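Colleague: Please take me through one part of this model closely, with the strands and the charged pairs around it, and keep the account connected from start to finish.

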Amino acid sequence: MAAATNAAAAAAAAAAPAPAPATPVPRGQVDLVDFIDWSGVECLNQDPAHSIVNALKQGYRDDEGLYLASDSDEQLLIHIPFMQVVKLHSALFKGPEEDGPKTIKLFCNKEHMGFSNVNDYPPSDSLDLSSNHLSESKPMQLKYVKFQNVRSLTIFIEDNQSGSDVSKILKIALYGTTVDTTNMKDLKKIEEH
């Protein structure tokens, strides 16, 4: 009886769909999701039913049924502050072939950006994604020298693959390293005797 139960369990396990392959983290880098200051994360023009959390937060971003979607047009403006200074090495954007992002501009340490002034600043880096990039789940290397002292990252999704009114992003992952800094509050005053 136990052999039949084990055989049935093995057959059920073989019939179950295989989990999606994990995205390889670039060598020497870490997923910076644990260093995001969630209280300051903002996304302008997001559909309230499909918010930034779906694409950025651990656990949610790996669920194929959840995604970030734009609301009134194809553009999105995402602001991501970090709890400490980081060096940003690469970024992964995953999305549907037709509605996934195409032109992405990244701005390092730019606070209070809006759609009205996003073109007033030169981006730290620009990415032009193909539909293959969106389905490969392969991080795109950034201009590493431009992202050495990152306190916040602003991501401007300018358009999507098909030119439709709604952009969709299934996953955003940021890879890099933390920068060792001294927290001045942790220093103790030395009293003279």
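**Strand β4 and the charged pairs**

Modeller: The accessible surface of the protein chain comes to about 11,200 Å², and carbon and sulfur atoms account for 51% of it. What follows describes a predicted model, and I will set out the chain as a whole before turning to strand β4.

The protein chain has 193 residues, of which 40% are buried. It holds three helices and ten strands, and from the N terminus on these elements follow the order α-β-β-α-β-β-β-β-α-β-β-β-β. Among the contacts in the protein chain with a separation of 6 or more, 80% are made by residues 24 or more positions apart.

Strand β4, the part I have chosen, spans residues 76–94 and is mostly covered, with 16 of its 19 residues buried. Its pairings can be taken one partner at a time. With strand β2, made of residues 42–44, β4 pairs in the antiparallel sense over three bridges, and here E42 has H79 of β4 as its bridge partner. With β8, β4 again runs antiparallel, and seven bridges join the two strands; in this pairing I80 is set opposite L153 of β8. A further antiparallel partner is β10, to which β4 is paired over eight bridges, and there L92 has A173 as its bridge partner. Strand β7, which consists of residues 140–141, pairs with β4 in the antiparallel sense over two bridges, with M140 of β7 standing opposite A91.

The charged residue K94 also belongs to β4, and it leads from the strand pairings to the salt bridges, of which a search of the whole structure finds five. K94 forms one of these with E64, the closest N and O atoms lying 3.0 Å apart. The pair links distant parts of the chain, since E64 sits in the loop between α2 and β3 while K94 is in strand β4, 30 residues apart. The two ends differ in their cover: E64 has a relative accessible area of 49% and is therefore classed as partly exposed, whereas K94, with a relative accessible area of 18%, is buried. The lysine falls into that class because its value is under 20%, the limit for a buried residue.

A second salt bridge involves β10, one of the strands paired with β4. The side chains of D62 and K171 meet in it, at 3.2 Å from N to O. This pair, too, links distant parts of the chain, for D62 lies in the loop between α2 (53–56) and β3 (68–69) and K171 in strand β10 (residues 171–178), 109 residues apart. D62 is partly exposed, with a relative accessible area of 44%, while K171 counts as buried at 9% relative accessibility.

A third salt bridge starts from the loop that follows β8, another strand paired with β4. The side chains of E158 and K105 meet there at 3.4 Å, N to O. E158 lies in the loop between β8 (150–157) and β9 (168–169) and K105 in strand β5, so the pair ties together parts that are 53 residues apart in sequence. E158, with a relative accessible area of 23%, is partly exposed, and K105, with a relative accessible area of 18%, is buried.

The surroundings of K105 deserve a closer look. Strand β5 covers residues 103–108, and, leaving aside residues up to four places away in sequence, K105 touches N119, P123, D125, S126, T154, I155, F156 and E158. Two of these, D125 and S126, belong to strand β6 (residues 125–128), which pairs with β5 in the antiparallel sense over four bridges. In that pairing I104 stands opposite L127 of β6.

In a regular strand the side chains alternate between the two faces of the sheet. Along β6 they do alternate: D125 and L127 point to one face and are buried, whereas S126 and D128 point to the other face and are not buried.

To return to the chosen part, β4 is mostly covered and has antiparallel pairings with β2, β7, β8 and β10. Its residue K94 joins E64 in a salt bridge, one of the five in the whole structure.

Technical notes: Residues numbered from 1 in each chain as written. Predicted model: local features only at pLDDT ≥ 70, side-chain atom pairs only at ≥ 80, totals over all residues. Heavy atoms only, no water. Buried < 20%, exposed > 50% of the residue type's maximum accessible area, 1.4 Å probe, protein only. Contact = heavy atoms within 4.5 Å. Areas by Shrake-Rupley, 256 points an atom, 1.4 Å probe, with all protein chains shown as cover. Pairing = 2+ DSSP bridges. Salt bridge = Lys/Arg side-chain N within 4 Å of Asp/Glu carboxyl O.
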